[in-house]
Amino acid sequence: MNTLDKNHICKFICTDPQNVVVVSHTSPDGDAIGSALAMQKTLTAFGHHAVAILPDVYPDYYNWLPGVEDIVIAENEFDKALQLIANASLQVIVDMNALKRGQIIEKALEQADAKRILIDHHILTNNIFDAAYSTPDVSSTSELVFNVIEALNPALITKDVAECIYTGIVTDTANFFHGNMSPRTFDITANLMRKGIDIIKINQVLYHTFSENRIRLLGFSISERLHLLSDFHAAYIYLTKEDLIRFNYSEGDSEDIVNYGLAIKGIHISAFFIEKTDFIKISLRSEGDINVNAMASKYFNGGGHKNASGAHFYGSLTEAISLYEQALREL
Ligand SMILES: [Mn+2]
């Protein structure tokens with residue numbers, strides 16, 4: 001199946017009104033929320049009854065996004081989420097390449113009698129979709145969502161939709177720093193600016209509204225929990241459950257900490273381990289040809305992108321860190 005055919009995606013949207021669920025991944029980031037909201041608004045403009053569903057809560061610095069209050073968080077409203085999924089005849093999956101990343105709603109999505117389409121920029125290994133617009137060669141899913149909406153009807157890229165798409169692009173590129181940026185990424189961003197969005201204001205909300213705890217946790221992570229494995233040009237940072245309690249951790253507070261490992265001269269791969277209630281959340285980042293997607297899938301049953309991947313590891317912090325060291329030796 002051609003996974004680059006956005007017109008095929010459009011055929012599933014240009015239909016009589018139907019119930020649609022737009023779904024993105026667990027631990028939602030700016031791209032997950034931005035692309036889901038932009039699609040939800042577009043589907044609504046087409047007359048569909050469209051609802052965005054996320055498996056769990058998003059960080060509160062996204063709570064200004066237009067329409068964010070209408071997102072159904074499955075973790076908080078599980079029955080409602082199941083009902084919406086059961087009643088939908090179309091599933092629009094964004095920024096997640098496998099239903100397992102929907103976690104608590106995975107089974108419901110899988111079992112539903114619905115068409116399922118994908119818009120995504122992760123590496124697609126198992127195409128279980130009726131149509132997929134999927135390529136790892138772009139900055140973000142939001143960039144692909146822009147292309148889809150433009151193909152459907154450019155007038156649907158309203159200021160609200162533009163704010164959602166910009167948020168996806170700016171966060172997935174860490175403020176236009178890394179990832180698969182292309183001239184197209186900047187053309188789209190210019191187009192979004194022309195819709196009247198205030199990018200400085202959005203950047204300030206996204207990057208300059210941290211809580212005191214978050215900044216102190218960042219400082220602690222770097223000064224007390226950063227380890228270098230210079231022989232491997234590698235770094236890792238970990239946080240224990242006690243660390244999280246000490247800094248009154250809330251969702252999103254550890255976002256981007258992994259990147260500080262890479263900020264060190266001579267370090268080209270960085271890992272971040274965070275001890276959650278029943279698993280270790282792992283983030284892996286690399287530069288150049290070091291493929292952390294392969295490492296995440298081989299050692300931790302995770303995945304993502306070549307230079308940015310993640311996993312949930314069901315074991316102890318010590319086991320996760322020694323697996324990382326093993327993976328570095330075998331790299
Ligand atoms: Mn993304």
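A residue counts as buried if 20 or more other C-beta atoms lie within 10 Å of its own. With that cut-off in hand, the tour of this predicted model can begin at strand β10.

**Stop 1: strand β10 and its partners**

Select β10, residues 280-286. Of the seven residues of β10, six are buried, so the strand is largely enclosed by the rest of the structure. Add β9, residues 269-275, to the selection. β9 and β10 run antiparallel and are joined by seven bridges. The connection from β9 to β10 is a hairpin of four residues. To follow the pairing, label Ile-274, which stands opposite Lys-281 in β10.

Now show β12, residues 308-313. β12 pairs with β10 in the antiparallel sense, over six bridges. Here the residues to label are Ile-280 and, opposite Ile-280 in β12, Phe-313.

**Stop 2: the whole sheet**

Extend the selection to the remaining strands. Together they form an open sheet of six strands with mixed pairing, in the order β7-β8-β9-β10-β12-β11. Which strands lie at the edges? They are β7 (226-229) and β11 (303-304), each of which pairs on one side only. At the β11 edge, two bridges join β11 to β12, and these strands run antiparallel. One residue pair to display there is Gly-303 with its bridge partner in β12, Gly-310.

**Stop 3: helix α12 on the sheet**

Select α12, residues 292-300. This helix packs on the sheet and touches β9, β10, β11 and β12. The direction of α12 makes about 10° with that of β12.

Within α12, centre the view on Ala-296. Is Ala-296 buried or exposed? Ala-296 is buried, because 24 other C-beta atoms lie within 10 Å. Leaving aside neighbours within four places in sequence, the contacts of Ala-296 are Leu-284, Gly-302, Gly-303, Gly-304, Ser-309, Gly-310 and Ala-311. Among them are Gly-303 and Gly-310, the bridge partners shown at the previous stop. Then pick Glu-325, which is 29 residues from Ala-296 along the chain. The C-alpha atoms of Ala-296 and Glu-325 are separated by 13 Å.

**Stop 4: helices α2 and α5**

Two packed helices are described by the angle between their axes and the distance between the axes. Select α2 (residues 30-45) and α5 (residues 141-152), whose axes come within 9 Å and cross at roughly 15°. That angle makes α2 roughly parallel to α5. The crossing of α2 past α5 is left-handed.

Next, show side chains at the contact. From α2, display Asp-31, Gly-34, Ser-35, Ala-38, Met-39 and Thr-42; from α5, the residues they meet are Thr-141, Ser-142, Val-145, Ile-149 and Leu-152. The residues of this contact divide into five nonpolar, five polar and one charged.

**Stop 5: two loop residues with positive phi**

Most residues other than glycine have a negative phi. Two residues are worth selecting in this light.

Go to Asp-95, in the loop between β4 (90-94) and α4 (106-111). The phi of Asp-95 is positive, near 60°. Asp-95 counts as buried because 29 C-beta neighbours lie inside 10 Å.

Finally, select Asn-175, whose place is in the loop between α6 (159-172) and α7 (183-194). Asn-175 also has a positive phi, near 65°. Asn-175 has 12 C-beta neighbours inside 10 Å and therefore counts as exposed.

Definitions and conventions. Residues numbered from 1 in each chain as written. Predicted model: local features only at pLDDT ≥ 70, side-chain atom pairs only at ≥ 80, totals over all residues. Axes fitted to C-alpha atoms, helices over the stretch in contact; angles between N-to-C directions. Parallel < 35°, antiparallel > 145°, perpendicular 65-115°, else oblique. Left-handed = near helix turned anticlockwise from the far one by under 90°. Contact = placed C-beta atoms within 7 Å. Nonpolar A, V, L, I, M, F, W, Y, C, P; charged D, E, K, R; others polar. Pairing = 2+ DSSP bridges.
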